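Good morning, colleagues. Please turn to the structure on the screen, and let us go through its helix packing together.

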Amino acid sequence: MLKSEINELEKSVGAILDDGSSTSHPGYQQQLAEQVALVKNRCADLKKKWTHELLSSAKELVIKRYVQYHQAGIIRLSDMVSRHVPEQQQSVQSDAFAEVNAEMENVLEFLRRQFYQYFDLDHKATIYYCELLNLKITAFEPGLRTYNNPAVDTTLVATVLLSVNEIVAEGPLSGISYRQADQALNLVRMTHQLLLSGTDTTTDSLFRALYQQNFNSLHFYNWYQEHLLTQLSKINDQQSRQDFINNRIKTLSGIFVSPEKALQAELPSTVTFIIPLLREQTGPDAKQKRVKSSATRFPLNLSVPQFALFIRIFYKAGCFPIDNVAMITRFFTEHFTTKKQPHISSKSFGRAFYSLDQSAAAIVQEYLQKMLNYLNKTYFP
């Protein structure tokens, strides 16, 4: 049963991408429309075939392999189309490519909804899906960015948007899973609903809701660390601080946090990093721990494009033992600042990481030459 049912779809998509006809050719627009219509027919045929095949008496394992095999194949085709979108977005080609991608995304959605128990949520989502996700999240942003209520710390709201936007920005670059994409949208939608639905939301109730949703972003951890230290600084005696910590731990320990809802699968859950942080604030050396934990990021005399290019060079030269670009860039944006950016956005850092900025390259080349001169002078005189 495990055989490719998307051969014809691959041929139709390939014909569109490989078509060397000039867009100004008189018959090009009609030809492209026919090719797009053929892709739509192929997609409709797949739905009919899958409905028959997947409702057969095949074994569960075979069906799972069958679904995920075709899921991966269509995602690959969709990303091929996305990477062929012309730079000039308003064109006959870009509209046609968008139609093709929309149709293939519809097929993926069909697989996901009709055969959800077999669909791989941890597979990287299509670039097109990430673009749609970005539009959905952007729709919530105006209300969240202008929200103003003394009962809610707006920096926590900003933390949600920052974390989610960084995750979404990784989609077209290094990829994010369907599970991550859904969780990102869920976090923004939930925050929007809590703040703007008329409920009496406070900083604490929003924090607990995010904690329960396993909002395991480093930005969230940093926000809570600063928030906690601020709260503790207002409590004068040791016993009151201890009671405050104990109540916090008791409250949070009673909240179930689903591991599957993690925004970032490679990081520990909110339980793993929030509860230990609270426990660190108890005991005779708690004050010393609080001072240590409030350390600032390390400043660099570089711009974001220059810094990103340095990290790209290290990555390309094999200096890092891992290949996960998102994890690498996230670490450096969390621990360093540049000349004009006290808080580096992973989105802007990611763009700079992949861009071809010759002016930044010239500065980096100058630094590298100075380094090389120092090495030659000091170690190879």
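Helices H10 and H11 run roughly antiparallel to each other, because their axes cross at roughly 165°, an angle over 145 degrees counting as roughly antiparallel, under 35 as roughly parallel, 65 to 115 as roughly perpendicular and the rest as oblique. The two axes come within 9 Å; they are lines fitted to C-alpha atoms, for helices over the stretch in contact, with angles running from 0 to 180 degrees between N-to-C directions. I should say at once that this is a predicted model, in which local features need pLDDT of at least 70 and side-chain atom pairs count only at pLDDT 80 or more, while totals for chains, interfaces and linings use all residues. Residues are numbered from 1 along each chain as its sequence is written, and side-chain values use heavy atoms, with hydrogens and water left out.

Which residues of H10 meet H11? They are Ile245, Arg248, Ile249, Leu252 and Ser253, and their partners in H11 are Ile274, Ile275, Leu278 and Arg279, contact meaning heavy atoms within 4.5 Å. This set divides into 6 nonpolar, 1 polar and 2 charged residues. Here Ala, Val, Leu, Ile, Met, Phe, Trp, Tyr, Cys and Pro count as nonpolar, Asp, Glu, Lys and Arg as charged, and the others, Gly among them, as polar.

Let us now take a second pair. The axes of H1 (residues 7–18) and H3 (residues 60–82) come within 11 Å and cross at roughly 10°, which makes H1 roughly parallel to H3. On the H1 side the contact is made by Leu9, Glu10, Val13 and Leu17, and on the H3 side by Ile74, Arg76, Leu77, Met80 and Val81. These residues comprise 7 nonpolar, no polar and 2 charged.

I turn next to H8, residues 203–212, whose buried residues are Thr203, Leu206, Phe207, Ala209, Leu210 and Tyr211; buried means under 20% relative accessible area, exposed over 50%, and partly exposed in between (1.4 Å probe, protein chains only). Their cover includes helices H6, H7, H9, H10 and H11. Just after H8, asparagine 214 takes a positive phi of about 60°.

Asparagine 214 is also among the contacts of glutamine 183, a residue of H7. Is glutamine 183 buried or exposed? It counts as buried, because its relative accessibility is 6%.

Finally, the whole protein has 16 helices and 2 strands, these being DSSP runs (helices H or I, at least four residues; strands E, at least two) numbered from the N terminus. Of its 381 residues, 42% count as buried.

Note on methods:
Lists of a residue's contacts leave out its neighbours within four places in sequence.
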